[in-house]
Amino acid sequence: MFGACPLDCPDACSWVVTVRDGKAVDLRGTHEHPYTRGALCVKVNRYLEHAAAPDRLLYPLRRVGRKGEATFARVSWDEALAEIAERLTSVIRRYGGEAIWPYQGTGSFGYIQGVRGWAGRRLWNVLGASHHDPDTICAAAGAAGLTYTLGTSAGIDPENFAASMLILLWGTNTLTSGHHLWKFIQAARGDGAHVVAIDPVRTRTADQADEHLAPIPGTDAALALGLLHVVVSLGGEDRDYLERHTLGWEAFRRRIGQFPPGRAAAITGIGEQQITALGERLARTRPTGIRATMGLQRHAGGGMALRVLACIPGVTGDWQHPGGGLACSTSGHFGLNDAALWRDDLLPHPVRTLSMTRLGEGLLETGDPPVMALVIYGSNPLASVPHQSKIRAGLAREDLLTVVIEHFPTDTVAYADIVLPATMATEHLDLTSSYGHMYLAWNEPAVSPPGECLPASETFRRLARRLGRAEPCLYDSDEDIARQLLDSGHPSLAGVTLDKLRSQGWIRLNYPRPFLPFANGFPTPSGKLEFYSERAAADGLDTLPGYTPAKEVTDATWPAATRWHWWRRRHTTSSTPPSLTTPRSGSGKGLPALRSIPTTPADGSCAPDSASGCSTTAGHSPPWSRSVTG
Ligand code: SF4
């Protein structure tokens, strides 16, 4: 039975489940899938064991103790949904629909059950609930920066890296967080490519690269401008490409001129000679491919950093070469019919958007209306969202209805009024895209759900019925929704049908190989790569890409211990979901087999296939252990 990994990971693996006597007995990566090639990862190889873990939530629960005590009594689905419907109706009557916050995380990335399709959004729209922005915690800053430059956050097909001659792995620990890309990098290496890891942390990937540059966290844009200074000094820019496909080159060239290698060295903490040497390599090596993901965008200048990085292939002309360009995300290449899925036309009026990273403030400080009902699914914010003490105080509010749809008893579940048990990927139907490759994948339910677990889609259908809603689309089946998604008329889906997807398990988007999205222009207002951006100016930002210091870390007055702590905690690029590898609650629950794998081996290095997605810094010197003058 074909399925797809539901986790928030760029590799979006296709898998095959073997079922015997109604039980899933084996799960492996799909051999024929060109990106998965038969391999999952250490986290998901044991997904069946995870799904069968003894602490799985199997029945609806109602709180019987104080909030946070995690004391519950089993109730029926009818009782649970009746209570939720009654409380939501009361909230809407008194405060309006926007007092409801549907708080969805990335626990499942599917289009029908997960955050890709914003499961439940049709119902929330009908109720006029607040919208929820799940991207603020992850990639919103980088996406904004890339879009100023490119008109989209989508970049090159990562498979193109096989043709690169210089590869910059920038703020990404590929071997741990997206290891399927490595085979394409190795293929390029076989043809003589030089691989550079740019990461404050000496990760496994940095160990395997030909060269490692360790900038002070948050200084990546300065490094990029310093490299471009060397390129321009050597006449390495592609003048023909600049003339035909870019806007604002002269102004940006002057900005680059402000970052000679000496200044870039002072800011980044990297040696001037190393910057000059890499700049020279960049100037003379075509094609150069850049892989940049989440690691370098989580600070005040993170969006600007991605905006600058996207300019590098504009200066060198690499966007026009197979193997050249930048790959951050491929999401924007999937032309699925989001509008038909979301049905925002059902909104009774425009509604506010609440940010995932501001849950604590949202629960304690937001008014007009205050948040009075919180429905959390695919997320354990008490373990993964900033401002834990505020969130805890907010969840403890006696006047707040908290519903948590979950697989396991997490820290957040302990604060729920009602807990609803959810199916896992082997138990429900779904369709997945990817932000790291160009394939759609089908997820067929392989086994029956355990206990009384329900797919999120079915939970929302039943809740709609309890709320007495008559809109027919609220009752579309999962297959109906999948068909609507594929029926977009977008060229990327030409020839893609549900039957074909289901029988093959996966399908590559209808793009040529190699896929060069910007060889002939960009989806910006000017149709060009915009060094100069009027949209950025309209948003109150610099019209030109530049270096925005990361206020969070580069202040030299910070005590060294604080910087070390930040460095270790914040510059891990793993996508490993906490619920798979770490205790799911303070009581030490979690998948036993994975918990037993040490995250930091005695020798201080990262364990191969470490269950933690470890990118520990132990055994290496932080960049500021040497003299930094910038
Ligand atoms: S977490 Fe990533 S690498 Fe692991 S199976 Fe899922 S998609 Fe593949």
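Author: Helices here are DSSP runs of H or I with at least four residues, and strands are E runs of at least two. By that count, the protein chain in this predicted model has 24 helices and 21 strands.

Reader: What makes α4 count as a helix?

Author: A helix needs a run of at least four residues, and α4 spans residues 140-150, with 11 residues, so α4 qualifies under that cut-off.

Reader: How do you know that α4 is mostly covered?

Author: A residue is called buried if 20 or more other C-beta atoms lie within 10 Å of its own. In α4, 10 of the 11 residues pass that test, among them A141, G142, L146 and Y148. So "mostly covered" is a fair label. The cover includes α12 (302-309), β21 (529-530) and α21 (534-538). Just after the helix, G151 has a positive phi of about 90 degrees.

Reader: And the chain as a whole: what share of its residues counts as buried?

Author: Under the same kind of cut-off, 57% of the 630 residues.

Reader: How many of the contacts between residues at least 6 apart join residues at least 24 apart?

Author: That's 75% of them in the protein chain.

Reader: What makes you trust the model, or not?

Author: pLDDT runs from 0 to 100; the chain's mean is 89, and 88% of its residues reach 70 or more. Over residues 569-590, though, the pLDDT is below 50, with 61 contacts in the model beyond near neighbours in sequence. Residues 598-630 are also below 50. Where pLDDT is low, the predicted coordinates should not be read in detail.

Definitions and conventions:
Residues are numbered from 1 along each chain as its sequence is written. This is a predicted model: local features need pLDDT of at least 70, side-chain atom pairs count only at pLDDT 80 or more; totals for chains, interfaces and linings use all residues. pLDDT is the predictor's confidence in each residue, from 0 to 100. Two residues are in contact if their C-beta atoms, placed from the backbone, lie within 7 Å. A residue is buried if 20 or more other C-beta atoms lie within 10 Å of its own, exposed if 12 or fewer, and partly exposed in between; C-beta atoms are placed from the backbone.
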